[in-house]
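Please open the model in your viewer and keep the sequence panel beside it, since this tour moves from the whole chain to single residues. At each stop there is something to select, followed by a description of what is there.

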Amino acid sequence: MLTVQHRMRPAISLPVRQFYDQPIKDHKSVFGRESVIGLKKNIFFINHSMPEDRPRGAAYTSKVNKFETRYLVNFTKYLIKQRQFKPEQITILSMYLGQM
């Protein structure tokens, strides 16, 4: 059972703790990490009004948002151009199975 997380900055782990059944603490190694170059904050949320799509076909039950997909592709390219991260060091999390 996970009780101490070792990967996420506290700013990221705090909002996702609600999805766990037991309290999870941050390991001391996640504190004091350098800020991401080229960004004002290390975590942020994108607010937009572009609607989700539902792909056609019986196999598709998840939503897709093409605006979010394009936004994140361009955002990832921006991070790579900062030369702080390699592509294999960047992870994008999606709440929609169809968007993965």
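Begin with the cartoon view of the whole protein, which is a predicted model, and colour it by secondary structure: two helices and two strands make up the assigned elements. Following the chain along its sequence, you should meet them in the order β-α-β-α. The radius of gyration is 16 Å, well over the 13 Å that the globule rule gives for 100 residues, so the protein is more spread out than a compact globule. If you draw a box along the principal axes, the C-alpha atoms fill roughly 45 × 40 × 25 Å.

Now switch on the surface. The accessible surface of the protein comes to about 8,700 Å², and carbon and sulfur atoms account for 57% of that area. Of the 100 residues, 13% are buried. If you display contacts between residues at least 6 apart in sequence, 43% of them join residues at least 24 apart.

Next, colour the charged side chains. There are 17 positive and 7 negative ones in the protein, and the centres of these two sets lie 5 Å apart. Side chains of opposite charge can pair when their charged atoms come close. How many salt bridges does the structure hold? The structure holds one, and to see it you should select Arg-17 together with Asp-26, where the closest N and O atoms are 2.5 Å apart. The two partners can be compared by their cover: Arg-17 is partly exposed, with a relative accessible area of 27%, whereas Asp-26 is buried, at 17%.

Move to helix α1, which spans residues 10–16, and select Ala-11, which lies in this helix. Ala-11 counts as partly exposed, with a relative accessibility of 40%. Add Phe-31 to the selection and draw a distance between the C-alpha atoms: Ala-11 and Phe-31 are 20 residues apart in sequence and 9.8 Å apart in space. Then select Ile-12, also placed in helix α1, which is partly exposed at 30% relative accessibility. A second distance, from Ile-12 to Phe-44, joins residues that are 32 positions apart along the chain, and their C-alpha atoms are separated by 9.3 Å.

Continue to the loop between β2 (25–26) and α2 (66–81), and select Asn-65, which lies in that loop. Is Asn-65 buried or exposed? Its relative accessibility is 0%, so Asn-65 counts as buried. To see what surrounds this residue, show its contacts while leaving out residues up to four places away in sequence: Asn-65 touches His-48, Met-50, Pro-51, Glu-52 and Gln-99. For a distance elsewhere along the chain, pick Lys-41, which is 24 residues from Asn-65 in sequence, with the two C-alpha atoms separated by 24 Å.

Stay in the loop between β2 and α2 and select Thr-61, which also lies there. Thr-61 counts as exposed, with a relative accessibility of 67%, whereas Asn-65 is buried. Extend a line from Thr-61 to Val-16, and you will find the pair 45 residues apart in sequence and 24 Å apart in space, taken from C-alpha to C-alpha.

For the last stop, pass beyond helix α2 and select Arg-83, which is placed in the segment after α2. What is the sign of the phi angle at Arg-83? Arg-83 has a positive phi of about 60°, although this residue is not a glycine. With the surface switched on again, you can check that Arg-83 is exposed, its relative accessible area being 78%.

Terms used
Residues numbered from 1 in each chain as written. Predicted model: local features only at pLDDT ≥ 70, side-chain atom pairs only at ≥ 80, totals over all residues. Heavy atoms only, no water. Helix = DSSP H or I, 4+ residues; strand = E, 2+ residues; numbered from the N terminus. Rg over C-alpha atoms; globule rule 2.2 N^0.38 Å. Buried < 20%, exposed > 50% of the residue type's maximum accessible area, 1.4 Å probe, protein only. Contact = heavy atoms within 4.5 Å. Areas by Shrake-Rupley, 256 points an atom, 1.4 Å probe, with all protein chains shown as cover. Lys, Arg positive; Asp, Glu negative; His and termini not counted. Charge placed at Lys NZ, Arg CZ, Asp CG, Glu CD. Salt bridge = Lys/Arg side-chain N within 4 Å of Asp/Glu carboxyl O.
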